[in-house]
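Please consider the following chain and its fold. The discussion proceeds by question and answer.

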Amino acid sequence: MLDLWITDATIVDGTGAPRYRASVGVDGGRVAVIRRGSLEPVASVDAAITMPAEGLALAPGFIDVHNHSDMAPFVVPDMPSTIRQGVTTVVVGNCGASPFPPSSAAELTSWSGVDLEHPHGRAFDSFGAFLEQVEQARPAVHVASLIGHGSIRELTMGRERRPPNEVELHTMRGLVADAMHAGAIGLSTGLIYVPGMHAGTEEIVTLASEAARAGGIYASHIRGEGTHLFRAVDEAIEIGTRAGIAVHVSHLKCETSFVWGRARELLARVHDAGATGDQYPYAAWASTLSSLLPPWAPVTELRELLSKPAGRARLIASVERGEGDAFQSSVEGVGWDRIVIEATADASSRGLSVAEIAGRRGVEPVDACFELLIEEPATSCIGHAMHDDDVRTITADPKVMVASDGAAVAPDGPNADVPVHPRSYGTFPRVLGQDVREGVLSLEDAVRKMTSLPADRFGLTGRGRITEGSWADLVLFDPATVADRSTFDRPHTFPVGIEAVIVEGATAWRRGSDSIERSGRVLRRDGS
């Protein structure tokens, strides 16, 4: 007797092969049978649950390899904005920040909306303990995690702006080794964030080498995605070459007008080196406002720096125009009118551009930026800094994975009143709907970029394909109607066209239901 029998579906199997008509039987959490062609009467198949697909597309569950739902299992374990996109696995610990070691609450809080150092009394004393508590929370989707370099560095040497000494580097190597042994799937860096921005290439090579020994991957939010984009990509490639580790460049983009139109060059640089990357299909990023500050100006010292005329002048020049060859983000090429505040202490500033806030306060935009950071160091923002043509070019690339760079939230959750980036609700349906129907890529290629491509690169064995014996993580959707509905004005809006989501054989969610069955678990590097 089968646990689940999905009848008359159009199978998009995740490999990129042409779709075909079949019924799929699930037993024990895995795909047990795929019956192609003419269908036998439903009554002839013995199954606990029969789910008529009536020609809807059935695909492997989508894998979001760049996600910040590190704490969602403890805060919003139903993870509705994620599961209702058809996502069945998330990779967390990105951008150098993971809940263990205890990292900067400022950066992580801006992504997940909860104090991560002591989330509801939880303080993780090891990477393994974090994974175990996620397992116990039984989230709606599977969770795999990278170990964050920034978290490791901060635990070992605080926010020091210097290279580690021999003892500190040895300690960090040990933390990476322990995390990999516990099941981490690789090492991540966030090189525009404190303290990652203070690390040199040599330090990262050493730690990436440790992850390589355990068969992990190196995923990087590189040092620059605007003026210094290509230098930053080259550094990631160098790290991979020297450490002997697979390189994955997070959220590929051409940010600022200085690099608009160079998406094909970017893709060639990544692919020619054997690296991979992911992308969210929007022309706006979301990050912390403090990421605009130069490495020598931590937000904790901002008030003091501004009190000195020379320091103030240098800081303004750096934030607005950058510092020559130094790796650093700047407002130049974007504009204060295109940087919109997402969350900050002053609720009336949420959803407004820095330029608009400056007008209200009667100050220059750069001063409004400083004021917001002094009032709330964890202020987050959205930057409308990319060109639609570049976004489409990257989306069309068959070797680039789809990823949200978002976090699981809910319309009635802790972030319900915050104007989050719409990618947290709409990334995967946006590609399946808008991009497929506009001919940017085929449905088969879109699904492959969401399933087998990330599963193979991140070592998620048995997932990402519909084959007999594979794990039954599945999504049923209507290719004709699937679409994102989340916008920057109304972000907390679920997509349409996703009909049902199956997580290891259990029906996690079906259209028309507000209830979610939580069947997710931790996926470790060793396949357990």
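The exchange below concerns overall form, burial and the nonpolar cores.

Mentor: This is a predicted model, in which local features need pLDDT of at least 70, side-chain atom pairs count only at pLDDT 80 or more, and totals for chains, interfaces and linings use all residues. Residues are numbered from 1 along each chain as its sequence is written, and side-chain values use heavy atoms, without hydrogens and water.

Trainee: How many helices and strands does the chain have?

Mentor: Both are DSSP runs, helices being H or I of at least four residues and strands E of at least two, numbered from the N terminus. On that basis, the chain has 17 helices and 20 strands.

Trainee: Why is the chain described as being as compact as a globular protein of that length?

Mentor: The globule rule is 2.2 Å times the number of residues to the power 0.38, and the radius of gyration is taken over C-alpha atoms. For 528 residues the rule gives 24 Å, so the chain is as compact as such a protein, its own radius of gyration being close to that at 23 Å.

Trainee: What percentage of the residues in the chain is buried?

Mentor: Buried means under 20% relative accessible area, with a 1.4 Å probe and protein chains only. Of the 528 residues, the buried share is 63%.

Trainee: Which helix gives the most to the largest nonpolar core?

Mentor: Such a core is a set of buried Ala, Val, Leu, Ile, Met, Phe, Trp, Tyr and Cys residues joined through side-chain atoms within 4.5 Å. The largest has 86 residues, and Phe 62, Leu 187, Leu 266, Leu 432 and Phe 477 touch the most other members. The greatest contribution, 8 residues, comes from residues 229-243, helix α8.

Notes. Buried < 20%, exposed > 50% of the residue type's maximum accessible area, 1.4 Å probe, protein only.
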